[in-house]
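This briefing concerns a single structure, shown below. It is arranged by topic for quick reference.

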Amino acid sequence: MTDVIEEKPLTALEQKWKEQAEMEEDSEPNLNDAYDDEGNFDPDRLPSPVRSRIPTPVGWRIAILPYRGPKQSKGGIVLAEETQKKTQLATTVGYVLRVGDLAYKDESKFPNGPWCEEGDWIIFGRYAGSRINIDGGEIRILNDDEIIGRINDPADILHM
């Protein structure tokens, strides 16, 4: 005698989640792929097709990825996607993706050399730069002199 396990039908919400997961698997790579399950950015996870779509800043400009923040609060509350987007819009912290060919070349303006380079976490002014939307998120293009400072960990800065 064999036991047959019957599969329960999915609820409407479970069906929707299943369809969304299947759509995500079939979608093209985007900026969201560079984030782990906790919401932390890992530049090594950024797919090369996405890197090639990031605009190359010209002149003295710098392309940065604004800090998105974790998916959960310190108290364990799961943050809504809308809250995460608001955090990313309001943040003053970003990851340097690309640096323009003339950035930090003016020795009279930057006698001690560049203030940042690709791969650094930086702080910038709240209204600095231009916002550019690409698949999976937003990047900003800043002038080289709009960088306020470098930091080791974006989680050290209070957001929102």
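The points that follow cover the sheet and the aromatic side chains.

The model is predicted. It contains an open sheet of six strands with antiparallel pairing, and a search of the whole structure finds five aromatic pairs.

**Sheet**
- The strand order is β4-β5-β1-β2-β3-β6.
- The edges are formed by β4 (130-134) and β6 (147-151); each has a single partner strand, so one side of each is left without a neighbour in the sheet.
- On average, neighbouring strands are turned by 40 degrees against each other, direction ignored.
- Helix α3 (residues 81-90) packs on the sheet and touches β1 (61-66), β4 and β5 (137-143). The direction of α3 makes about 5 degrees with that of β5.
- Strands β2 (residues 93-99) and β3 (residues 121-124) run antiparallel and are joined by three bridges. Val-93 stands opposite Ile-123 in β3.

**Aromatic pairs**
- The ring centres of Tyr-95 and Trp-121 are 5.3 Å apart and the planes stand at 65 degrees, over the 60 that marks edge-to-face, so the pair is edge-to-face.
- Tyr-95 in strand β2 and Trp-121 in strand β3 are 26 residues apart, and both are buried.
- Tyr-67, Tyr-95 and Trp-121 form one aromatic cluster.
- Tyr-104 and Trp-115 have ring centres 6.2 Å apart and planes at 50 degrees, so this pair is tilted.
- Both Tyr-104 and Trp-115 lie in the loop between β2 and β3, so the pair ties together parts 11 residues apart in sequence.
- Tyr-104 is buried, with a relative accessible area of 7%, whereas Trp-115 is partly exposed at 37%.

**Charge over a ring**
- Arg-61 lies over the face of Trp-60, at 4.9 Å from the ring centre.

Note on methods: Residues numbered from 1 in each chain as written. Predicted model: local features only at pLDDT ≥ 70, side-chain atom pairs only at ≥ 80, totals over all residues. Heavy atoms only, no water. Pairing = 2+ DSSP bridges. Helix = DSSP H or I, 4+ residues; strand = E, 2+ residues; numbered from the N terminus. Axes fitted to C-alpha atoms, helices over the stretch in contact; angles between N-to-C directions. Contact = heavy atoms within 4.5 Å. Phe/Tyr/Trp six-rings, centres within 6.5 Å; stacked < 30°, edge-to-face > 60°. Buried < 20%, exposed > 50% of the residue type's maximum accessible area, 1.4 Å probe, protein only. Lys NZ or Arg CZ within 6 Å of the ring centre and 35° of its normal.
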